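I set down here, entry by entry, what I looked up in this structure. The entries run from backbone geometry to charge pairs, enclosed space and the surface.

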Amino acid sequence: MASASPRTDTSADGDIDDKTPAFHDNQGMVVSNPSERSRDQKTLRRLAQNREAARKSRLRKKAYVQQLESSRMQLTQLEQDLQRARQQGKYISSTGDQSQSLSGNGALAFDAEYARWLEDHTRRANELRGAVNAHAGDAELRIIIDGLLTHYDDIYRIKAEAAKADVFHILSGMWKTPAERCFLWLGGFRSSELLKLLMVKLEPLTEHQMIAITNLQQSAQQAEDALSQGMEALQQSLADTLAGSLAQSNSAGNVASYMGQMAMAMGKLGTLENFICQADNLRKQTFQQLHRILTTRQSARAVIAINDYFSRLRALSSLWLARPRE
Amino acid sequence: MDMVKDLASKKAAVIFTKSSCFMCHSIKALFYELGASPAIHELDQDANGREMEYALQRLGCNPSFPAVFIGGKYIGSAKDIISLHVDGSLKEKLIQAKAIWF
């Protein structure tokens with residue numbers, strides 16, 4: 001990189017004025033007169049500084065490019081790992097990733113498993129839709145529906161395992177799309193709300209069915225409220241414990257008490273897992289009871305309706321995330 | 001053992017809980033919501049709490065709290081109660097034991 005300072009050129013007429021008398025210093029060097037000399041020195045200094053700046057700039061650029069190269073390699077490696085994890089349904093730690101926390105691994109692994117489960121679920125729902133449209137018999141529909149209900153058991157089991165490793169990830173619902181998260185209750189959907197939706201979609205229902213589903217919806221809601229109250233009590237108690245530990249000064253006895261309160265708080269957090277399990281059990285039991293009330297054909301319509309509803313929620317999330325922003 | 005069975009038959013609905021247990025709080029809330037007035041025995045606050053907890057374990061109550069008894073019979077823990085409530089059996093049992101009327 002050439003030193004492109006324009007002033008260099010103009011002042012590079014460090015052309016010594018021929019007419020100016022030169023004189024020799026005691027080492028025999030030709031030195032110009034004082035004013036020329038200071039101008040030369042300034043120029044030389046400026047040139048040297050420019051060269052130095054250029055050299056440093058080249059070194060920085062080289063270092064930056066090297067960083068880019070290595071991060072590109074890491075990214076490729078990560079992409080490969082993720083691809084493999086998706087195929088195998090578990091997270092494989094790449095080189096140099098051993099320091100990553102256990103919960104980080106757990107969350108990623110669960111997200112991958114959930115994505116696979118969802119794909120599978122969608123395929124089954126489409127199979128059911130196809131069978132209904134093809135006027136399949138009750139027996140065939142029954143097989144597909146029972147398969148779907150058993151398939152729900154899979155994700156509840158997977159969630160329970162994941163909650164052991166990282167309960168906050170499950171509770172957060174980050175593994176669901178944003179619009180779904182809007183309706184999040186204890187790590188999943190509210191059965192009582194789904195039943196309200198279905199009562200409309202499933203018309204016509206017999207009077208017996210109407211009463212049974214209304215009762216089911218009410219029971220689910222009561223159970224949801226009860227679990228919510230337990231959660232609120234937990235949150236309140238946690239807040240009280242932490243507030244208590246805040247009031248401590250720094251004396252040794254109070255440090256012990258602080259640690260004791262932290263231990264208590266930890267114990268309380270331990271019960272979060274149980275709440276998720278009970279919430280999932282409620283979802284499972286509610287669906288099972290619903291399908292006892294409905295005929296096979298109605299069950300098929302119910303499954304399809306629920307699948308459509310969540311599909312639309314997920315589509316809404318995609319639209320939302322892709323919306324044009326200022 | 002007898003103490004637990006004795007307490008369990010004293011009222012139509014009896015629940016053994018711990019005040020520190022938040023799932024117990026949920027089950028109590030559910031019973032109150034249904035209008036039942038269960039007798040509550042807090043194992044961590046009762047003088048005989050420890051013995052009662054061992055007795056419940058020996059009876060096969062797992063976990064030992066919350067332990068719900070209706071009409072003197074052990075019905076189950078949180079998961080069982082919620083499942084029974086969803087299929088309508090809980091209300092039926094409560095009505096049979098005259099813990100509630102409708």
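**Entry 1. Backbone outliers in phi.**
I began with B:Lys98, which is placed in the segment after α5 (89–96) of chain B. The model is predicted, and I read each value below as computed from it. B:Lys98 is not a glycine, yet its phi is positive, at about 65°. I noted its accessibility as well: B:Lys98 has a relative accessible area of 55% and is therefore exposed, the cut-off being over 50%.

I then turned to A:Leu186, again not a glycine, which has a positive phi of about 45°. This leucine sits in the loop between α6 and α7 of chain A. Is A:Leu186 buried or exposed? I found a relative accessibility of 9%, so A:Leu186 counts as buried. I kept both residues on record because most residues other than glycine have a negative phi.

**Entry 2. Cis peptide bonds.**
Next I looked up omega. In chain A, the peptide bond that runs from A:Glu203 to A:Pro204 is cis, with omega near 0°. A:Pro204 belongs to the loop between α7 and α8 of chain A. In chain B, the bond from B:Asn62 to B:Pro63 is cis, and its omega is near 0°. I located B:Pro63 in the loop between α3 and β3 (67–70) of chain B. Most peptide bonds are trans, which is why I entered these separately.

**Entry 3. Salt bridges.**
I asked how many salt bridges the structure holds over all chains. The total is 17. I examined several of them in turn.

A:Arg142 pairs with A:Asp146, and their closest N and O atoms are 3.6 Å apart. Both residues belong to helix α4 of chain A, with a spacing of 4 residues, about one turn of the helix. A:Arg142 is partly exposed at 24% relative accessibility, and A:Asp146 is partly exposed with a relative accessible area of 36%.

A:Arg190 and A:Glu224 form a salt bridge through their side chains, at 3.3 Å from N to O. A:Arg190 is in the loop between α6 (178–181) and α7 (191–201) and A:Glu224 is in helix α8 (residues 207–246) of chain A, so this pair ties together parts 34 residues apart in sequence. I checked the cover on each partner: A:Arg190 is partly exposed at 29%, whereas A:Glu224 is buried at 0% relative accessibility.

In chain B, I found the side chains of B:Glu53 and B:Lys18 in a salt bridge of 3.2 Å, N to O. This pair links distant parts of the chain, 35 residues apart, with B:Glu53 in helix α3 (residues 49–58) and B:Lys18 in the loop between β1 (13–17) and α2 (22–33) of chain B. B:Glu53 has a relative accessibility of 15% and counts as buried; B:Lys18, at 17%, counts as buried too. I also recorded one network, in which salt bridges with shared partners join A:Asp120, A:Arg123 and A:Arg124.

**Entry 4. Cavities.**
I then looked for enclosed space. The count is 3 cavities of 30 Å³ or more. The largest cavity has a volume of about 220 Å³. Its lining comprises 19 residues, of which A:Tyr114, A:Trp117, A:Tyr152, A:Lys176 and A:Phe189 are the closest to its centre. Helices α3 (102–133), α4 (138–165) and α11 (296–321) of chain A each give two or more residues to this lining. I sorted the lining of the largest cavity by class and obtained 10 nonpolar, 4 polar and 5 charged residues.

The second largest cavity holds about 60 Å³ of space. Among its lining residues I noted A:His121, A:Tyr152, A:Phe287, A:His291 and A:Asn307. The elements that give two or more residues to this lining are α4, α10 (272–293) and α11 of chain A. Which classes make up the lining of the second largest cavity? I found 6 nonpolar, 3 polar and no charged residues.

**Entry 5. Surface.**
Last, I looked up a nonpolar patch on the surface. A:Leu242, A:Val255, A:Tyr258, A:Met259 and A:Met262 form it, with about 430 Å² of accessible area together. Helix α9 (residues 252–269) of chain A gives the most to the patch, with 4 residues. A:Met262 is located in this helix, α9. Its relative accessible area is 31%, so A:Met262 is partly exposed, and a patch residue needs over 30%.

Definitions and conventions. Residues numbered from 1 in each chain as written. Chains lettered and ligands numbered in written order. Predicted model: local features only at pLDDT ≥ 70, side-chain atom pairs only at ≥ 80, totals over all residues. Heavy atoms only, no water. Patch = residues over 30% accessible without salt bridge, like charges linked within 9 Å, V, L, I, M, F, W, Y side chains within 5 Å. Areas by Shrake-Rupley, 256 points an atom, 1.4 Å probe, with all protein chains shown as cover. Salt bridge = Lys/Arg side-chain N within 4 Å of Asp/Glu carboxyl O. Buried < 20%, exposed > 50% of the residue type's maximum accessible area, 1.4 Å probe, protein only. 1 Å grid on protein atoms, 1.4 Å probe; cavity = no way out; pocket = protein on both sides within 12 Å on 5 of 7 lines; lining within 4 Å. Points joined across faces, edges and corners; volume = space filled by probe spheres on them. Nonpolar A, V, L, I, M, F, W, Y, C, P; charged D, E, K, R; others polar.
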